[in-house]
Amino acid sequence: GKPICECNACYAASDCSVFKTDCAADADSGNPLFLEPFWMQHAASSAVLIAGWHRMGYTFNDQSFISRELENHIRRVHAVARNAVTNGKYIVFGGGSTQLLDAAVYALSMNTSSPARVVAAAPYYPLYKSQTEFFQNMHFEFEGDASLMNNSSDNTVNVIEFVTSPNNPDGKLREPVSQVPLTRAIYDHAYYWPHFTAIPAPADKDVMIFTISKLTGHAGSRFGWAFVKDKEVYENMKSYISQAEMGISREAQLRALKLMKAILHGNGTEIFNYAYKKMSDRWKNLSEIISLSKRFTIQELPTQFCNFFQKVRGPSPAYAWLKCEKEEDTNCDAVLRAANIIGREGSLFDYDERFVRLSLLKSDDDFNLLLHHLNKLVAQEDGPK
Ligand code: PMP
């Protein structure tokens, strides 16, 4: 008969109960759907309904583009997560953290005497290169791998380093790599939440960027924020957002506020406990399979003290950074694709093709399919059964 539901591409039958094992496991994108079940459990408290007459104007009552109530709630969420020192820092809102990354490059390169070289330590998030090259101007240009800067004998260059901590793709906590004296860092803390990493100490840097995409999972709302210590850098970032957007959508801010309120309900720790458990279970399941393999390894991440949990905890990264160890497997992405696993190839991160990033952030169905295919691939190492 007629199907009673629209089946996901991997399922068939009228009630979608038949799993099609030939379906590819797509672990490519960082779409953070792992939190969908959390929000289903909090559907009412996180819902937004906006009357047609509400907040029609360009500005809030204080003539600014940012909701002070949202700002206060963001500061409170950080206080609960114990992941950042926000006192004494200005805040800027952006259309996703994506927009703030460029705003920060712009702001830090405004008063330099020669064009700033923008760098990141490989393997790094590909957008740093693509966006910086796209918006390149007389103030800055993308230079590539941060460690290469240290070979330069010119100590007068201005360097702007993206420091992604924990890093996308490998989940490692990072500090700047460039040793050039005039280096200024943009800390991309998209994943600096108890969901994805131990928080050794609250981050307290000059420019720190966060996003709702990886905190609540609402990537589609396009909302991020930056904490900035220096007033001039703050003013420059604000003027970037002003010129580009006249501020961030009031609806996006309203939804973000509702989500922050829902997070802060009770003692505010529920989402962190939920997300940590889910991501750490996924990491354990994946590690178990890979430990049986001689052909593949994944990154090693330490167990360490977490300021949020107030105890030592294990890893729970957003991505697996998988390596093909066999000499002939030089193109690891091709090896995985042949086994119906779609990852993101290492070369996109300015790195070796022996590596592939696998997203652990997607839905339970996506993740389970990934485990299924990996299990099969590893089981085949001793020859077909
Ligand atoms: N920084 C890093 C390291 C990311 O992985 C991502 C998204 N995958 C972003 C920034 C951008 O996130 P958004 O624009 O959704 O805030």
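The following exchange concerns a predicted model of a protein with a ligand.

Colleague: What confidence does the predictor assign to the protein, given that pLDDT runs from 0 to 100?

Modeller: The mean pLDDT of the protein is 94, and 98% of its residues reach 70 or more. The model also scores ipTM 0.99 and pTM 0.95.

Colleague: Which residues surround the ligand, and what makes a residue count as near it?

Modeller: A residue is counted if its C-beta atom, placed from the backbone, lies within 6 Å of the ligand. The shell holds 13 residues, and the closest are Gly96, Ser97, Thr98, Thr211 and Ser213. Helix 3, residues 96-109, supplies the largest share of the shell, 3 residues.

Colleague: How do the residues of that shell divide into nonpolar, polar and charged?

Modeller: There are 9 polar residues, 3 nonpolar and 1 charged. Glycine is counted as polar in this division.

Colleague: Why is helix 3 called oblique to helix 4?

Modeller: Two packed helices are described by the angle between their axes and the distance between the axes. Here the axes of helix 3 and helix 4 (residues 127-134) come within 10 Å and cross at roughly 60°. Angles under 35 degrees count as roughly parallel, over 145 as roughly antiparallel, and 65 to 115 as roughly perpendicular. The crossing at roughly 60° falls in none of these ranges, and therefore helix 3 is oblique to helix 4. Helix 3 passes helix 4 in a right-handed crossing.

Colleague: Which residues make the contact between the two helices?

Modeller: Helix 3 contributes Thr98, Leu101, Asp102 and Val105, while helix 4 contributes Leu127, Tyr128, Gln131 and Thr132. The residues of this contact divide into 4 nonpolar, 3 polar and 1 charged. Thr98 of helix 3 is also listed among the closest residues to the ligand.

Colleague: What is the form of the peptide bond from Ala122 to Pro123, cis or trans?

Modeller: The bond is cis, with omega near -5°. Pro123 is found in the loop between strand 5 (116-120) and helix 4.

Colleague: What is the omega of the peptide bond from Ser165 to Pro166, and where is Pro166 found?

Modeller: That bond is cis, with omega near -5°. Pro166 is found in the loop between strand 7 (159-164) and strand 8 (183-188).

Colleague: What is the phi of Met246, and where does the residue lie?

Modeller: Met246 has a positive phi of about 55°, although it is not a glycine. Met246 lies in the loop that runs between helix 7 (231-245) and helix 8 (250-264).

Conventions
Residues are numbered from 1 along each chain as its sequence is written. This is a predicted model: local features need pLDDT of at least 70, side-chain atom pairs count only at pLDDT 80 or more; totals for chains, interfaces and linings use all residues. Helices (H or I, at least four residues) and strands (E, at least two) are DSSP runs, numbered from the N terminus. Axes are lines fitted to C-alpha atoms, for helices over the stretch in contact, and angles run from 0 to 180 degrees between N-to-C directions. A crossing is left-handed if the near helix is turned anticlockwise from the far one by less than a right angle, and right-handed if clockwise. Two residues are in contact if their C-beta atoms, placed from the backbone, lie within 7 Å.
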